[in-house]
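Reader: Could you take me on a close tour of one part of this structure, the place where the two chains meet? I would be glad of the details, with the cut-offs spelled out as you go.

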There are 2 protein chains.
Amino acid sequence: MAYAAARAAIGDSEFDRDTAVTARPGEPGTYDADLSAGWTIIRAVNGGYLLAMVGRALRAALPHPDPISITAHYLTASEPGPAVIRTETVRAGRTMSTGQASLYQRAEDGREVERIRVVAAYGDLGALPDDVRTTAQPPAMPPYEACVSSSDAPEGVANPVVGSTAILDRLDLRLDPATAGWALGAPSGAGDMRGWLGLADGRDHDAMSLLLAVDALPPTAFDLGLAGWVPTLELTVHLRCKPAPGPVRVSLTTRNLAGGLLEEDAQVWDSASRLVAQSRQLARAPRP
Amino acid sequence: MAYAAARAAIGDSEFDRDTAVTARPGEPGTYDADLSAGWTIIRAVNGGYLLAMVGRALRAALPHPDPISITAHYLTASEPGPAVIRTETVRAGRTMSTGQASLYQRAEDGREVERIRVVAAYGDLGALPDDVRTTAQPPAMPPYEACVSSSDAPEGVANPVVGSTAILDRLDLRLDPATAGWALGAPSGAGDMRGWLGLADGRDHDAMSLLLAVDALPPTAFDLGLAGWVPTLELTVHLRCKPAPGPVRVSLTTRNLAGGLLEEDAQVWDSASRLVAQSRQLARAPRP
């Protein structure tokens with residue numbers, strides 16, 4: 001299958017609708033939102049999706065459009081359903097502004113529970129100077145057509161791990177076969193995960209969907225031979241460039257699993273081979 | 001010169017005295033502090049020193065002692081002199097707690113100005129499980145004795161760049177000669193900086209001094225042939241292990257200078273060759 005048979009536009013796509021926020025009248029900086037069940041892994045709302053939603057609220061609140069550096073602390077598990085995002089403008093400068101936001105949901109007893117707290121510096125990716133001195137190399141991986149999607153997996157093999165996951169229906173994810181061995185019971189042990197990532201409806205990437213992209217692949221723990229939940233404690237994303245159209249290449253690496261924690265580093269490269277995002281998260285390792 | 005001729009103890013050293021915070025009576029979570037002129041680069045207070053001070057306030061405020069993941073946004077330039085740190089306990093869990101803190105100083109007109117905003121997850125490094133699966137390798141660099149300190153630099157060569165910098169008197173910093181060429185006008189161009197780092201009074205490292213360590217070497221920009229100021233926008237540090245006694249090896253790398261910004265990744269390895277800290281900062285690149 002070629003990429004992007006049907007194309008949705010940035011601003012008018014599944015991802016845009018599902019991350020939309022609505023300013024609450026009379027409460028400046030407060031936004032209502034609805035966490036979609038369409039971006040869940042098993043029952044948990046994907047952390048990158050959540051970050052994109054909070055990223056949209058900060059875009060609405062701050063004078064600059066793009067998160068240049070954004071950090072999220074994941075405090076409690078989010079659930080599909082209504083949420084409110086409260087933002088604060090910390091500092092508004094000429095080329096960069098700083099904001100903070102928290103997303104809350106109501107517990108059964110009606111109390112507001114904070115799900116995620118975010119601090120970010122926003123700027124304008126389109127206004128950055130043109131200098132590029134990148135010595136990092138794009139990940140060595142096969143072309144899109146030679147990578148594997150979850151629908152390529154043998155019946156009953158990959159499906160128990162990722163098949164019941166709603167988010168996969170919304171992504172166009174093709175894993176490098178070298179990092180997909182875990183789905184066949186043969187993880188490489190290296191702690192790598194690589195793939196091509198688009199959105200299923202063909203929407204191109206922008207700053208908001210890159211926040212999703214860094215956390216949308218299966219966890220590197222699978223490639224280490226560890227199965228189970230890998231909850232993110234903290235995730236920091238740096239956006240470095242506006243992404244060119246087409247799917248991006250995402251490369252995840254884990255080099256230090258210790259003390260029950262692991263780091264997951266992501267690089268995201270666009271179709272023009274520009275390094276458009278770098279991220280690192282600290283997560284709890286599954287018990288071996 | 002051998003390392004640590006005179007030894008100061010953790011808790012009773014220059015670094016501990018200069019990062020001390022005092023709880024303000026009657027204002028829970030508020031701490032007074034004094035930014036020392038001893039940890040400045042030219043006139044600017046070092047960002048790692050500032051982070052360590054805020055880290056101490058959060059240690060006092062939270063139920064857990066060690067920053068496991070800590071992120072700072074640098075908002076305005078700090079100056080030596082009095083400061084106040086206001087903390088908030090965001091969430092207190094069994095093994096981990098989350099806190100936030102801001103450090104303020106007074107402007108000439110008496111207004112409080114926020115210098116740095118920090119969000120962090122604290123835990124207990126001593127209570128983490130013993131599993132270690134580190135595939136990262138310690139940096140290849142010469143032994144401590146074969147590395148160069150700023151006092152080894154020829155008169156009038158390195159001194160204009162780093163010699164007037166008070167922080168160097170408080171550090172025992174020995175650069176890998178391969179990354180010290182910039183001091184002689186011959187940067188490698190790779191964007192690397194490596195060195196052994198202790199404290200000048202021989203105090204061993206702990207969680208707090210590791211927050212300093214990730215930001216205490218000369219900037220990688222020097223190795224790229226760029227001179228000038230490299231202000232940090234955001235710095236995130238993950239502490240992964242209690243450091244063993246003795247100086248640590250710090251390795252900094254920059255792989256993507258683009259759009260006027262660069263990332264600086266740090267790895268800190270202790271004398272037992274454990275990866276004790278990982279960090280990344282996003283900074284403004286000096287104009288070429």
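Author: Happily; here is a walk through the interface, followed by a strand of chain A.

This is a predicted model, in which local features need pLDDT of at least 70 and side-chain atom pairs count only at pLDDT 80 or more, while totals for chains, interfaces and linings use all residues. Residues are numbered from 1 along each chain as its sequence is written, chains are lettered from A and ligands numbered from 1 in the order in which they are written, and side-chain values use heavy atoms, with hydrogens and water left out.

Let us begin with the overall contact. On chain B, 52 residues are in contact with 52 residues of chain A, contact meaning heavy atoms within 4.5 Å. The two chains bury about 4400 Å² between them, and carbon and sulfur atoms give 50% of that; buried area is the accessible area (1.4 Å probe) that two parts lose on being put together, summed over both. Three arginines stand out here: Arg133(B), Arg240(B) and Arg280(B) supply 16% of the area that chain B buries against chain A, more than any other three residues.

Arg240(B) also takes part in a salt bridge, with Glu263(A) as its partner and 3.9 Å between the closest N and O atoms. The term stands for a side-chain nitrogen of Lys or Arg within 4 Å of a carboxyl oxygen of Asp or Glu, and the count between chain B and chain A is 6. On the side of chain B that touches chain A, strand 16 (residues 275-284) gives the most, with 7 residues; strands here are DSSP runs (E, at least two residues), numbered from the N terminus.

Arg133(B) has a further role in the picture, as the bridge partner of Leu257(A). Arg133(B) lies in strand 9 (residues 132-134) of chain B, which pairs with strand 14 (residues 256-258) of chain A in the antiparallel sense over 3 bridges. Two strands pair if DSSP finds at least two bridges between them.

Now for strand 13 (residues 248-253) of chain A, where 5 of the 6 residues are buried, that is, under 20% relative accessible area with a 1.4 Å probe, protein chains only. Strand 13 of chain A pairs in the antiparallel sense with strand 11 (residues 192-199) of chain A over 6 bridges, and there Arg194(A) stands opposite Ser251(A). Strand 13 of chain A also pairs with strand 15 (residues 261-269) of chain A, again antiparallel, over 5 bridges; in that pairing Arg249(A) has Trp269(A) as its bridge partner.

Terms used:
Helices (H or I, at least four residues) and strands (E, at least two) are DSSP runs, numbered from the N terminus. Buried means under 20% relative accessible area, exposed over 50%, partly exposed in between (1.4 Å probe, protein chains only).
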